[in-house]
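Trainee: I am new to this structure and would love a friendly tour. Could we go through it together, one question at a time?

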Amino acid sequence: MDFSLYKMSPLEEWIYQKYMENGIQYASDLELDRISYIFNAEVICTKAPSHVQWDDEYCLIFINDALDEPNKRAVFFHELCHPVLHHGNQRFMPSAFRELQEIQASHFQLYSAMPIYMLKQFQNLSAPAIAEEFNLPLSLVQTRLQQIHERIQHEKSNRQFIAKIKYYNKETNSKNWSPETKRILDKLYKQILKKGAANQ
């Protein structure tokens with residue numbers, strides 16, 4: 001995969017900045033105690049199901065002790081999203097809003113557990129090898145790699161489409177097309193460029 005075509009989302013950019021401010025540069029830096037300290041959280045192993053409790057003053061991430069280490073790490077990065085990004089108690093929220101928060105937590109989990117700038121160091125390794133480097137479940141690594149692949153393909157498609165529009169826009173100047181056709185093509189070209197800039 002050509003990681004140079006991958007565009008970070010605003011959330012990824014924010015996590016990247018937070019990690020850089022705190023010297024998180026390598027997969028080995030992603031220790032749970034270190035990450036929880038950065039986000040003012042505390043990890044507690046428990047016999048109960050994994051969950052998080054927080055308010056303005058504290059954040060406790062409870063992780064089920066029966067889980068193996070890769071799954072404990074996966075749960076940690078998922079649960080960490082809730083106090084970092086969310087407000088309110090999910091038990092009293094409409095189901096659609098709760099589902100949205102869980103989707104956001106899944107994205108946060110992928111970005112924070114396997115930042116793209118770290119994955120670039122391992123881009124020639126297999127998914128199992130990457131899972132070992134990050135000490136995460138293979139299924140989570142495969143999901144992240146698939147997400148990266150899809151984003152790269154999307155960027156390739158955008159660039160190809162913009163190149164075609166540029167070509168056709170150039171051709172409109174040399175063809176005998178009506179002013180209205182030229183105006184519509186020019187408007188379409190500008191919309192595509194604006195959309196591409198907004199996605200970056």
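Trainee: How many bridges join strand 1 to strand 3?

Mentor: Good place to start, and keep in mind that this is a predicted model. Strand 1 and strand 3 run parallel. Within this pairing, Val43 stands opposite Ile61 in strand 3. The number of bridges that join strand 1 to strand 3 is 5.

Trainee: In which sense do strand 2 and strand 3 pair, parallel or antiparallel?

Mentor: Let's look at how they follow one another. Strand 2 and strand 3 form a hairpin, with 4 residues between them. His51 stands opposite Phe62 in strand 3. Over 4 bridges, the sense of the pairing is antiparallel.

Trainee: Which strands stand at the edges of the sheet?

Mentor: The sheet is open and has 3 strands in the order 1-3-2, with mixed pairing. A strand with a single partner has one side left without a neighbour in the sheet, so it stands at an edge. The edge strands are strand 1 (42-46) and strand 2 (51-54).

Trainee: What does the twist average from one strand to the next?

Mentor: The twist belongs to the open sheet we just walked through, with its order 1-3-2. From one strand to the next, it averages 25°.

Trainee: How many residues of strand 3 are buried?

Mentor: Try following the two directions in which its residues point. Cys59, Ile61 and Ile63 point one way, Leu60, Phe62 and Asn64 point the other way, and all are buried. Strand 3 is thus mostly covered, and its buried residues come to 6 of 6.

Trainee: Which helix lies across strand 1, strand 2 and strand 3?

Mentor: Look for a helix that runs at about 150° to strand 3. It spans residues 69-85, and its name is helix 3.

Trainee: Let's turn to the rings. What is the angle between the planes of Tyr16 and Tyr117?

Mentor: The count comes to 5 aromatic pairs. In the pair of Tyr16 and Tyr117, the centres are 5.0 Å apart and the arrangement is edge-to-face, with an angle between the planes of 80°.

Trainee: Why does this pair tie together parts that are 101 residues apart in sequence?

Mentor: Tyr16 is partly exposed, at 26% relative accessible area, while Tyr117 counts as buried at 17%. As for the parts they tie together, the reason lies in where each residue sits: Tyr16 is in helix 1 (residues 10-21), and its partner Tyr117 is in helix 5 (residues 116-119).

Trainee: Is the pair of Phe122 and Phe134 stacked or edge-to-face?

Mentor: Phe122 is in the loop between helix 5 and helix 6 (127-134), and Phe134 is in helix 6, 12 residues apart. Phe122 counts as buried at 11% relative accessibility, and Phe134 does too, at 1%. The ring centres are 5.6 Å apart and the planes stand at 80°, over the cut-off of 60, so the pair is edge-to-face.

Trainee: Which residues do ring pairs link into a cluster?

Mentor: This group also comes from pairs of rings, joined one to another. The linked residues are Trp14, Phe39 and Phe108.

Trainee: One last stop: is Glu155 buried or exposed?

Mentor: Glu155 lies in helix 7 (residues 138-174). Leaving aside neighbours within four places in sequence, Glu155 is in contact with Leu5 and Lys7. Its relative accessibility is 10%, and the cut-off is under 20%, so Glu155 counts as buried.

Methods
Residues numbered from 1 in each chain as written. Predicted model: local features only at pLDDT ≥ 70, side-chain atom pairs only at ≥ 80, totals over all residues. Heavy atoms only, no water. Phe/Tyr/Trp six-rings, centres within 6.5 Å; stacked < 30°, edge-to-face > 60°. Helix = DSSP H or I, 4+ residues; strand = E, 2+ residues; numbered from the N terminus. Buried < 20%, exposed > 50% of the residue type's maximum accessible area, 1.4 Å probe, protein only. Pairing = 2+ DSSP bridges. Axes fitted to C-alpha atoms, helices over the stretch in contact; angles between N-to-C directions. Contact = heavy atoms within 4.5 Å.
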